[in-house]
Amino acid sequence: MLHPTRPEALDTAVDFIRQVTGLGIRCVLDDDDRAAVVEALEGQVEVGSLAGADQLELVVIFGGDGSILRAAELALHREVPLLGVNLGHVGFLAELEASQVPDLVRQVAERSYAVEKRLTLAVEVHDPDGGLRWSSFAVNEVSLEKVARERMVEVLALVDGRPLSRWGCDGVLVSTPTGSTAYAFSAGGPVMWPDVEAIELVPLSAHALFARPSVLSPTSTVELELSLERDVPASVWADGARTVDAVPGSRIVVRRNQHDLLIARLSEQPFTTRLVKKFALPVEGFRGRR
């Protein structure tokens, strides 16, 4: 899968496809990507259609973390690992850079990679009458957000059926450890190492004494109830990509998804090292910097 607008994603993917096809590995693409790749290959290499593929072994993504999140929609229910080639900015989920494609070809051909499991979320939005309005999954986070800038939403947060707190706020995030370096991090939540099995609850700009992020059990169920008394438009987002409107009185239920996200890792790079590298954290002290 490719980033839809980056020319370097197409060039790098075509190079990768040529090399792995020469090693006897069949590549398939979804319809959005296939036409451009077929044209770039000029008939030299045959590529199949994703629609007819039922034995996927690996999904390779040329893009950034956003492209990987989009690819998760394909891979999650199939339980196929994702391997990202970073063409974006931070690239927490990506495994290597575009310049490392020769190494990627060899390791894919040799199946020389480990598979890491990441907790994901399942979300349901119920109307005030209890009917199911919408459901989705999230790799990073589920966010309940106000739509109008000038008014706060009033949200009652419950954990495992018990009320935790009621907030007048801009919204509430329910994040995975993977998402703890994304939206939740910007909202003041703690960074969680990806092998931690937990769920993070983060109120957004809450007008309350108790408005700290909370770390919950991975088996917990989080419910967010929008007040019926405040007619403030709100929306629910999954990974900032899939969304639905939430009316007053709506109930948003978030729990652990039955499918984990599988990430292919080509080398053993501790998360601490990745965190320091991606955020350029100062580990040498100011006297040691140049």
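**View 1. Strand S9 sits largely enclosed by the rest of the structure.** Welcome to the first close-up of this predicted model. Strand S9 covers residues 141–146, and five of its six residues are buried, so the rest of the structure largely encloses the strand. On one flank, S9 pairs with strand S12 (residues 171–175) in the antiparallel sense, over five bridges. S9 also pairs with strand S16 (residues 234–238), again antiparallel and over five bridges.

**View 2. Val-142 has a bridge partner in S12 and another residue opposite in S16.** Let us follow the pairing residue by residue. In S12, Val-174 is the bridge partner of Val-142. In S16, the residue standing opposite Val-142 is Ala-238. Moving along to Ser-143, we find that its bridge partner in S16 is Trp-237. Leu-144, in turn, stands opposite Val-172 of S12.

**View 3. Strand S12 is covered on both faces.** All five residues count here: five of five in S12 are buried, and the strand is mostly covered. One side carries Gly-171, Leu-173 and Ser-175, while Val-172 and Val-174 belong to the other, and every one of these residues is buried. Besides S9, with which S12 shares five antiparallel bridges, there is strand S13 (residues 199–204), which pairs with S12 in the antiparallel sense over five bridges. Val-172 is a good residue to pause at: its bridge partner in S13 is Pro-203, and Leu-144 stands opposite Val-172 as well.

**View 4. Six antiparallel strands make up an open sheet.** Step back a little, and the strands above fall into place. Strands of a sheet pair through backbone hydrogen bonds, in either a parallel or an antiparallel manner. Here the order reads S14-S13-S12-S9-S16-S17, with antiparallel pairing. Strand S14 (214–216) and strand S17 (242–246) stand at the edges; each has a single partner strand, so one side of each lacks a neighbour in the sheet. From one strand to the next, the twist averages 15°.

**View 5. Two loop residues of the sheet region have positive phi values.** Ser-205 is found in the loop between S13 and S14. Its phi is near 50°, a positive value in a residue other than glycine. Ser-205 is exposed, with a relative accessible area of 55%. For Asp-239, look to the loop between S16 and S17. Phi of Asp-239 is near 60°, also a positive value in a residue other than glycine. Is Asp-239 buried or exposed? With a relative accessibility of 11%, Asp-239 counts as buried, because the cut-off for buried is under 20%.

**View 6. Helices H1 and H4 cross in a right-handed manner.** Our last stop leaves the sheet for a pair of helices. The axes of H1 (residues 7–22) and H4 (residues 101–109) come within 10 Å, and they cross at roughly 40°. This crossing of H1 and H4 is right-handed. Which residues of H1 and H4 meet? From H1 come Thr-12, Asp-15, Phe-16, Gln-19 and Val-20, and from H4 come Val-101, Leu-104 and Val-105. By class, the contact of H1 with H4 holds five nonpolar, two polar and one charged residues.

Definitions and conventions: Residues numbered from 1 in each chain as written. Predicted model: local features only at pLDDT ≥ 70, side-chain atom pairs only at ≥ 80, totals over all residues. Heavy atoms only, no water. Buried < 20%, exposed > 50% of the residue type's maximum accessible area, 1.4 Å probe, protein only. Helix = DSSP H or I, 4+ residues; strand = E, 2+ residues; numbered from the N terminus. Pairing = 2+ DSSP bridges. Axes fitted to C-alpha atoms, helices over the stretch in contact; angles between N-to-C directions. Left-handed = near helix turned anticlockwise from the far one by under 90°. Contact = heavy atoms within 4.5 Å. Nonpolar A, V, L, I, M, F, W, Y, C, P; charged D, E, K, R; others polar.
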